[in-house]
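Reader: I have a model open and a few things to check. Can we go through the backbone, then the pocket?

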Amino acid sequence: MAAAPQAHGDAPPWRAVAAGPAVAAVTLVAALITTSAAGVPLRDPAGVSLRRFTIAAALVAVLVGLDIAFRAGRARWTAARLGAVVAALVSFYVTYLAYRNLKSVVPLLRPDELFDRRLADLDRILFAGSDPASLLHSVLGSGISAHVLSFVYELFFVFVPVALAFALVVLPDLRAGLFLTTALAFNWALAAASYFLLPSLGPIYAEPADFAHLPHTGVSGLQSALLDARIEFLRDPSAAGGAQSIGAFASLHVSIFFTAALATHLLGLGRYVKMGMWLLFALTVAATLYFGWHYAMDDLAGLAIGVMALALARAIIGIDLRTSRRRLPAPSPSAA
C-alpha cells in the first residue's frame, strides 16, 4: 500500500530515519572485525572523516538557516525533522569512516592477491586489443583535456557534501532525501566489499609508464600522495595515522555519480539537473580511465554498485517514489 503523503513539518517514518544508522552500524561492525583481524586499530587518519563531516554539517546548517529565512519559516524545521537530518548526516560519515578502514586493510588481509593483469586483459578484450586509457590519450590528447578531466575528477570531493545538503534540506520530501542519503551511504559499504573481492591497484600503479607523458595535475599529485601513503602504511601498519586508500575494483567515483544520476529520474527532478548529472557522470567515467585510476571493468562494477545501492535503500526505507515525485514543484512549460 502506498505511503500517505508526508506534511512538511511531520516526522519522517521511522524506517526512513533508521536506514542510515542501520547501514552505518553494519559497516562499522564489519570494519571493527576486519581491522582487528588485520591487527590495526580503527582510526581516522589525518582526521579526514571528521573534517569532511564538519564541512557537510556546516553546509547543511547554512541551507537550513536560509530555508527558514526565505522559504519555509520555522514550521518545517521541527525537532523531529532536525533530528532525522542530524542522524542521517552522522550516519553517513560513520559509514565513510568504516569504509576508509575497510579499504585500508585489504593489502594486509589479502597481501599476495592482485587482479590487475586479469582486469587489464578483460579491458583489451572489450576494446579490441587496446587499452581504454591509451585510446583516450590518443583522442583527447594530453594538454588542456588533462587539466579539465582532473578538475572533473576532483569535483567528487565537493559533490558529496553538496549532494547530502541538497537531499536533506532542499528536497521538499525528507523521506526522499533520506532515501538518496542512504543510497549514497550504501555505495561506501558495497565498494568496500568489492575491494576484498578483487584486490587491484589500477593501471596508473600497475603500468605507470603508460601515463608518464601526462602533465602534472591535481590528480597526478593525488596519485603520488596515495602511493607514498600506501608504501608507508605497508612498511608499518601500526604507525599512528597510517592508512592506504588505493583500490581499483570497483570505481566508487562512478558508482556515486551513477547513483545520483539515476536518482534524478527516480525522484522526478528537473531536466537541467538530470542533464547536469549525466554530463558529470560521463566525464567522471572518462577521467577514471584517462588517468588510470580504474580499468573499464571497475567502472562497469561501479554501475552495478549504483543500482544495488538504490535498490537496497528503497527496500530498507520502503519509499513510494511516486509520492515523492508529486511533492516536487511542477516544471515550467519551458522546461517540460
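Reader: Is Ala 46 buried or exposed?
Author: This is a predicted model. Ala 46 sits in the loop between helix 1 (14–38) and helix 2. Exposed means over 50% relative accessible area. Ala 46 has 67%, so the label is exposed.

Reader: What is phi of Ala 128 near?
Author: Most residues other than glycine have a negative phi. Ala 128 lies in the loop between helix 5 (116–126) and helix 6 (132–140). Its phi is positive, although Ala 128 is not glycine. The value is near 55°.

Reader: Which residues does the cis peptide bond with omega of about 5° join?
Author: Most peptide bonds are trans. This one is cis, with omega about 5°. One partner, Ala 250, is in the loop between helix 11 and helix 12. The bond joins Phe 249 and Ala 250.

Reader: How much space lies in the largest pocket?
Author: Rolling a probe the size of a water molecule over the atoms shows where empty space is left. For the largest pocket, that space is about 720 Å³.

Reader: Which residues that line the largest pocket are the closest to its centre?
Author: The lining has 33 residues. Elements giving two or more of them include helix 3 (79–104), helix 8 (156–170) and helix 11 (218–235). The closest to the centre are Lys 103, Phe 157, Leu 222, Leu 226 and Ser 245.

Reader: How many nonpolar residues are in that lining?
Author: Split the lining of the largest pocket by class. Four residues are charged and seven are polar. The nonpolar count is 22.

Conventions
Residues are numbered from 1 along each chain as its sequence is written. This is a predicted model: local features need pLDDT of at least 70, side-chain atom pairs count only at pLDDT 80 or more; totals for chains, interfaces and linings use all residues. Side-chain values use heavy atoms; hydrogens and water are left out. On a 1 Å grid over the protein atoms alone, a cavity is a set of points where a 1.4 Å probe fits but cannot get out, and a pocket is an open set with protein on both sides within 12 Å along at least five of seven lines; lining residues have an atom within 4 Å of a point. Grid points are joined across faces, edges and corners, and a volume is the space filled by probe spheres set on the points. Helices (H or I, at least four residues) and strands (E, at least two) are DSSP runs, numbered from the N terminus. Ala, Val, Leu, Ile, Met, Phe, Trp, Tyr, Cys and Pro count as nonpolar, Asp, Glu, Lys and Arg as charged, and the others, Gly among them, as polar. Buried means under 20% relative accessible area, exposed over 50%, partly exposed in between (1.4 Å probe, protein chains only).
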